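Visitor: I'm new to this one, so could you walk me through it?
Guide: Happy to; have a look first, then ask away.

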Amino acid sequence: MKREQHITPHPKGGYQVKAAGATRATKRFATQKEAIAEGRRIAKSQKTELVIHNKEGQIREKDSYGHDPFPPRGRAIIYDAFWL
């Protein structure tokens, strides 16, 4: 099952990449930048969403790398060579 990847502060310092619903971190990093790079790589390979949290644990940013049923407005979407 594919799950969102969350970038959150680690309780012992630094940042962690953690799959939604997981009890343990996938990997721990010293900086948020490193954690985001790894989380983005995982999310792209699994075609899931990356959720980045700030120091207080609030969602700061989301990036979708899978099928997005609600793509951003203003972007052309190509389905079978037809513009919608």
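Visitor: Let's start small: in which strand is Asp63 found?
Guide: Keep in mind that this is a predicted model. Follow the chain to Asp63 and you land in a strand, namely E5.

Visitor: Which side chain does Asp63 join in a polar contact of 2.8 Å?
Guide: Leaving aside neighbours within four places in sequence, Asp63 is in contact with Thr48, Glu49 and Leu50, among others. The polar contact of 2.8 Å, side chain to side chain, goes to Arg40.

Visitor: And which way do E4 and E5 run, parallel or antiparallel?
Guide: Five bridges join these two strands. Val51, for instance, stands opposite Lys62 in E5. The hairpin they form has five residues between the strands, and there Gly57 takes a positive phi near 90 degrees. As for the direction of E4 and E5, it's antiparallel.

Visitor: What is the order of the strands in the open sheet?
Guide: The sheet has five strands with mixed pairing. Its edge strands, each pairing on one side only, are E3 and E5. On average, neighbouring strands are turned by 20 degrees against each other, direction ignored. Read across, the order is E3-E2-E1-E4-E5.

Visitor: What is the bridge partner of Ile7 in E2?
Guide: E1 and E2 pair over five bridges, in the antiparallel sense. In E2, the partner of Ile7 is Val17.

Visitor: What angle does the direction of H1 make with that of E4?
Guide: H1 covers residues 32–46 and reaches 21 Å from its first C-alpha to its last. This helix packs on the sheet, touching E1, E2, E3, E4 and E5. Its direction and that of E4 make an angle of about 160 degrees.

Visitor: Which element gives the most to the largest nonpolar core?
Guide: That core has ten residues, including Ile7, Val17, Ile36 and Leu50. Two or more residues come from each of E2, H1 and E4. With four residues, the element giving the most is H1.

Visitor: Which residues does Ile36 touch, not counting those up to four places away in sequence?
Guide: Ile36 is one of the buried residues of H1, and the largest nonpolar core includes Ile36 too. Not counting residues up to four places away in sequence, Ile36 touches Ile7, Leu50, Ile52 and Arg60.

Visitor: Last one: which residue follows H1?
Guide: Look just past the end of the helix for a residue with a positive phi, near 55 degrees. The residue that follows H1 is Lys47.

Conventions: Residues numbered from 1 in each chain as written. Predicted model: local features only at pLDDT ≥ 70, side-chain atom pairs only at ≥ 80, totals over all residues. Heavy atoms only, no water. Expected span 1.5 Å × (residues − 1). Buried < 20%, exposed > 50% of the residue type's maximum accessible area, 1.4 Å probe, protein only. Core = buried A, V, L, I, M, F, W, Y, C linked by side-chain atoms within 4.5 Å. Contact = heavy atoms within 4.5 Å. Pairing = 2+ DSSP bridges. Polar contact = N/O pair within 3.5 Å; in protein donor to acceptor, adjacent residues only side chain to side chain. Axes fitted to C-alpha atoms, helices over the stretch in contact; angles between N-to-C directions.
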